[in-house]
Amino acid sequence: MDTDLTAPAHAASLTLPDLIDLFELACSDDPRNRVSTWIGRPQPLPEDRLFGGLLLAQSLMAAGRTADPEQRVVSLQADFVAGVPTGGELRWEVERVSEAPSLCTRRSRLVDDSGNELFGAVSRWARIREDQPSYSSARPVEAPDPEGLPDLADRFADDERVPPWWRMARPVHLRHVVEPPYLAPTGEGDRRTTFLRATGPLPEDHVLRAALVAYVTDMSVLEPAFVALRAARHAPGARILSLTHALTFHAQPDLGAWHQFDCRVESVANGRAHGVGELFDPSGRHVATAAQVGLLKVVR
């Protein structure tokens with residue numbers, strides 16, 4: 001994808017077809033090898049380092065292409081080891097850690113030209129057991145209809161105090177119930193709700209749909225930390241850097257429809273924050289849980 005980074009933020013928007021294209025990786029050898037190599041492409045925004053959600057998504061895509069087509073992703077545990085530049089191709093190594101008809105394990109590693117690991121993730125893939133009962137204690141919080149809420153581009157498109165990545169039009173609608181704490185503290189508490197939906201229909205590809213969930217859940221899990229600390233996320237010098245990201249898939253989400261993402265920060269200590277997000281489909285079914293630890297720098 002070619003993007004003119006000198007153009008206004010709204011002109012540098014990433015479309016859903018662009019994003020789906022970025023998710024697709026090329027295998028440079030035999031995907032049946034114990035360790036296979038996959039090549040991906042970066043997205044140009046944000047400019048300082050690659051967005052972590054793309055790494056989560058591509059790690060799942062590469063792993064999922066080596067799993068049994070009847071298996072679905074059930075979990076992902078990822079570590080952000082080093083910042084990844086936005087230029088150049090992305091080289092993934094996928095190891096078949098374990099193999100069974102009902103459950104397999106894959107390890108995805110993003111490596112640089114010297115073989116150093118920049119990002120690593122372990123994912124588990126399993127056959128769906130519809131003969132087994134389901135239960136979840138999680139319930140979505142009461143929230144307004146997302147159709148009446150503004151996207152980030154509607155709130156901040158022309159406000160240059162907000163970095164371009166956070167005010168551009170996106171391939172997934174990101175609609176906060178309460179204005180996010182980008183420029184000033186907003187509200188109280190340690191919880192925030194966001195509605196998510198792709199801007200168009202999605203392919204019937206369970207790996208890609210899971211990858212999209214991984215991509216978008218890296219955007220707002222730790223945001224409530226700024227609410228709890230009464231701070232502005234985009235004050236000069238403020239920052240969040242993801243350290244770990246874990247996803248548990250309780251069902252197969254389809255972000256072609258509105259999903260509610262209820263996030264809370266559970267701890268902030270020594271410059272690190274731990275947050276949890278629960279994802280619910282339009283019927284209120286609990287479809288995924290995200291947990292993240294990140295470095296947090298607050299400027300007052």
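Which residue's side chain does a polar contact of 2.7 Å join to the side chain of Glu223? It's His176. Bear in mind that this is a predicted model.

**Around Glu223**

Glu223 sits in the loop that runs between helix H4 (206-216) and helix H5 (224-228). Being in a loop doesn't put Glu223 out in the open here: its relative accessibility is 2%, under the 20% cut-off, so Glu223 counts as buried. His176 isn't its sole polar partner, as the Glu223 side chain also makes a polar contact with the side chain of Arg233, at 3.0 Å. Setting aside residues up to four places away in sequence, Glu223 touches His176, Arg233, Tyr182 and the two prolines Pro180 and Pro181.

**Helix H4 and its partner H2**

Step back from the loop to H4 itself. Of its 11 residues, 10 are buried, so H4 is largely enclosed by the rest of the structure. The buried set runs through Val207, Leu208, Arg209, Ala210, Ala211, Leu212, Val213, Ala214, Tyr215 and Val216. At the N-terminal end, Asp205 acts as a cap, with a side-chain oxygen 3.0 Å from the backbone nitrogen of Val207.

One helix that H4 meets is H2 (residues 52-64), and the two axes come within 7 Å and cross at roughly 160°. That angle is over 145 degrees, so H2 and H4 are roughly antiparallel to each other. The crossing of H2 past H4 is right-handed. From H2, the contact draws on Gly53, Leu54, Leu56, Ala57, Leu60, Met61 and Gly64, while H4 brings Val207, Leu208, Ala210, Ala211, Ala214 and Tyr215. Sort those residues by type and you get 11 nonpolar, 2 polar and no charged. As for the spacing, an α-helix has 3.6 residues a turn, so residues three or four places apart point the same way.

**Over in strand E5**

Now for Thr105, which is found in strand E5 (residues 103-111). With 8% relative accessibility, Thr105 counts as buried because the cut-off is 20%. Its side chain is joined to that of Ser98 by a polar contact of 2.9 Å. Leaving out neighbours within four places in sequence, Thr105 is in contact with Glu95, Arg96, Val97 and Ser98, and also with Val122, Ser123 and Arg124.

Here are the side-chain polar contacts again, side by side:

| Side chain | Partner side chain | Distance |
|---|---|---|
| Glu223 | His176 | 2.7 Å |
| Glu223 | Arg233 | 3.0 Å |
| Thr105 | Ser98 | 2.9 Å |

Terms used: Residues numbered from 1 in each chain as written. Predicted model: local features only at pLDDT ≥ 70, side-chain atom pairs only at ≥ 80, totals over all residues. Heavy atoms only, no water. Helix = DSSP H or I, 4+ residues; strand = E, 2+ residues; numbered from the N terminus. Buried < 20%, exposed > 50% of the residue type's maximum accessible area, 1.4 Å probe, protein only. Polar contact = N/O pair within 3.5 Å; in protein donor to acceptor, adjacent residues only side chain to side chain. Contact = heavy atoms within 4.5 Å. Axes fitted to C-alpha atoms, helices over the stretch in contact; angles between N-to-C directions. Parallel < 35°, antiparallel > 145°, perpendicular 65-115°, else oblique. Left-handed = near helix turned anticlockwise from the far one by under 90°. Nonpolar A, V, L, I, M, F, W, Y, C, P; charged D, E, K, R; others polar.
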